[in-house]
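Here are some comments for a colleague at the bench, set out as numbered points to be read beside the structure.

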Amino acid sequence: MSSAGFPRAASVALRDSQLRRNLAKATTTIRSKRAGVVGELPDWEELRQAGRGLKDSALASLDTQLERLEAAVVSAGGHVHWAKDGSEGCAIVAGIARSHGVDEVVKVKSIATDEIKLNEALAEAGVRAVETDLAELIIQLADDSQSHILVPAIHKNRAEIRDVFARELGLPDLTDEPAALTEAARVHLRAKFLSARVGISGANFAVAETGTVCVFESEGNGRMCTTLPDVLVTVMGIEKLVPTWRDMEVFLQLLPRSSTGERMNPYTSFWSGVSPGDGPQEFHLVLLDNGRTDVLADEIGRQALRCIRCSACLNVCPVYARTGGHAYESVYPGPIGAILTPQLKGMREARSLPYASSLCGACYEVCPVAIDIPRVLVHLRGKVVDTEPSWKPEKAAMKAMYRAFSSRRAFERAQKAARLGSRPLARGGRIEHMPWPMSGWTMTRDLAEPPKETFREWWRRERGDQPSGLRLKRIAPQTSPKSAARTGPETGDARTTILGRIRSALADDRTTVEVPRDYRQGSERSHAEIVDLFAERVGEYRASVHRSNADEVGDVIVRLCRERKARRIVVPEGLPEAWCPPGVELVPDHNLGSHELDSLDGALTGCALAIAETGVIVLDGGPGQGRRAITLVPDYHLCVVSEDQVVDLVTEAVERLEPAVRAGRPLTFVAGPSATSDIELNRVEGVHGPRTLHVVVASG
């Protein structure tokens, strides 16, 4: 990007009235949803400060945490690769795909892979990457680029999307109803999911101590890509680490509410390496630097690495709301892009982005990990100025001001010069016009005429030249912080190089970061209130909730299956006999294939636990729950939850789930049916996961 990149691109966007209407509707809606769910939590600010501390703590020991993560993933049967830059990352992924003889892979929405242009690199290697997120599919079919982190196709309306699908998918009779468009995407991608041999994903977080990787998503395409293929490749920026499993109790609350404006995304998936018989049997984790160690080397700029990609800053930014994401010419738009892109790409390539802000501070106020974006913007503007040639008027003026303020004598000389120089220009105590280069300033504002007597002169006239007792130290020019982690030629493999860069970046700053944990750890509700809240919150996700006594669960299951016309239901091992009544054909899961599961009418399972405050059920692959695929591929999921499995808070759930995580079992958090809001923010249930979720809450 040239130095005039953003201004030039923004001027084009500002002339697009349809874009501004789309942006206004989307940002207003998401902002309102976020405010509602954030306002529910009495400890939001405590969670925010904990999130800030956890990310800073991870960055302060990043080399150690990455080594812990590597060891844990390898111990769990996975493979870890290190990539210094985008070209290395692309080569690693392409090599894995080619080694399995595939010419097509399915891909989860991932900004990191967009950053390194993975799709283009795979295409050059003869491998087509199929985007499976609805918005990303729209972008791919339209040969367009993303304009928002959360809803990448925010700039397109339903008519434009209909035209793209009709042309690219061969559906001339397709309507522009969001449900019809979503169904077209589901049908198009279904066959690809069921036959895919290699899946590619990004990662929202990775837990160093357990080697656990996670993806937050809504449509079920993430589950499809990380569950059904034989091989899974995850590309992850090295900053996405958290040290311990317990730390996820913070981010499971911060990210969904700040991002989609929900208490929890419909699906949140966790996996650790390879789980025998469940999901991909070959897992590769690619740890990507690509400029992140340069960001880490800047003591002020490194806070950008806290970012959890929620997009909250975009939705409150007055600049983004008027220009949209394309004006930033980066996969990272909005305020976070204005501070992250210049640091990742280098100031020469994105030098105009730090000025793409009014410095109003709204981005800092909503950031769930308290990134002080305005401070970083000002810092980066200073770096831009530092790289300007000395003859630039603004830089020359700033140097002159520095010299004028550097000593008392210089300051007084400058005051006298200003007073003498202003006499021909002042009229009635005001200066309305000045010659170039100050003419640009006085075109829109006046200057006050310098006073005939300065304060110092008044003091000397009134009190004499008496010492005030105050002595000011002369301020030395501020030195720039380290701008890069690399100080010399690099040798060795990518792993050695990246760890060396991190250690160089942190060489003078290994302070221990204290993490405040002042948020709620336990519930104050009675258990009856907790169960009632769970039933209420599940219903708000448009799932169907049914209360029952334990001895009536079988009858409820039969009734619900008949109402749903679900005749053949897959069941896992370990399901209680009382939940297996006659009247429904129950098909045991003896490692059924994806196509076999797709031919069934539904799945019946229990769960590991449920969370009242978020209305979530959690599956951990234990008895009565089965493999991840059985609750993903069939179009109907019927889940039985015992009242004693319901906890109130996310913190309580994370504590209870720790043994399963340490045992390497995958987790799936489910909050209602799969859903999308990618088409003009109209919510549509049933994208790639089950379209119907029935929850039976059993007492006794």
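**Notes on two helix pairs and the confidence of the model**

1. Lys 399 has its place in helix H19, and in this predicted model the residue is partly exposed, because its relative accessible area of 40% falls between the 20% limit for buried and the 50% limit for exposed. Between Lys 399 and Glu 168 there are 58 Å in space, C-alpha to C-alpha, and the two are 231 residues apart in sequence.

2. Helix H19, which covers residues 393-405, and helix H20, which covers residues 408-422, have axes that come within 6 Å and cross at roughly 120 degrees, so that H19 is oblique to H20. On the H19 side the contact involves Arg 403, Ala 404 and Phe 405, which meet Ala 410, Phe 411 and Ala 414 in H20; by class, these residues divide into five nonpolar, no polar and one charged.

3. Helix H8 (residues 134-141) packs with helix H9 (residues 158-168) at an angle of about 65 degrees, the axes being 10 Å apart, and the two helices are therefore roughly perpendicular to each other. Their crossing is left-handed. H8 contributes Leu 134, Leu 137, Ile 138 and Leu 141 to the contact, while H9 contributes Ile 161, Val 164, Phe 165, Arg 167 and Glu 168; this contact divides into seven nonpolar residues, no polar ones and two charged ones.

4. As to confidence, the protein chain averages a pLDDT of 91, and 96% of the residues score at least 70. Over residues 477-481, however, the pLDDT is below 50, and this stretch has four contacts in the model beyond near neighbours in sequence. Where pLDDT is low, the predicted coordinates should not be read in detail.

Key
Residues numbered from 1 in each chain as written. Predicted model: local features only at pLDDT ≥ 70, side-chain atom pairs only at ≥ 80, totals over all residues. Heavy atoms only, no water. pLDDT = per-residue confidence, 0-100. Contact = heavy atoms within 4.5 Å. Axes fitted to C-alpha atoms, helices over the stretch in contact; angles between N-to-C directions. Helix = DSSP H or I, 4+ residues; strand = E, 2+ residues; numbered from the N terminus. Parallel < 35°, antiparallel > 145°, perpendicular 65-115°, else oblique. Nonpolar A, V, L, I, M, F, W, Y, C, P; charged D, E, K, R; others polar. Buried < 20%, exposed > 50% of the residue type's maximum accessible area, 1.4 Å probe, protein only. Left-handed = near helix turned anticlockwise from the far one by under 90°.
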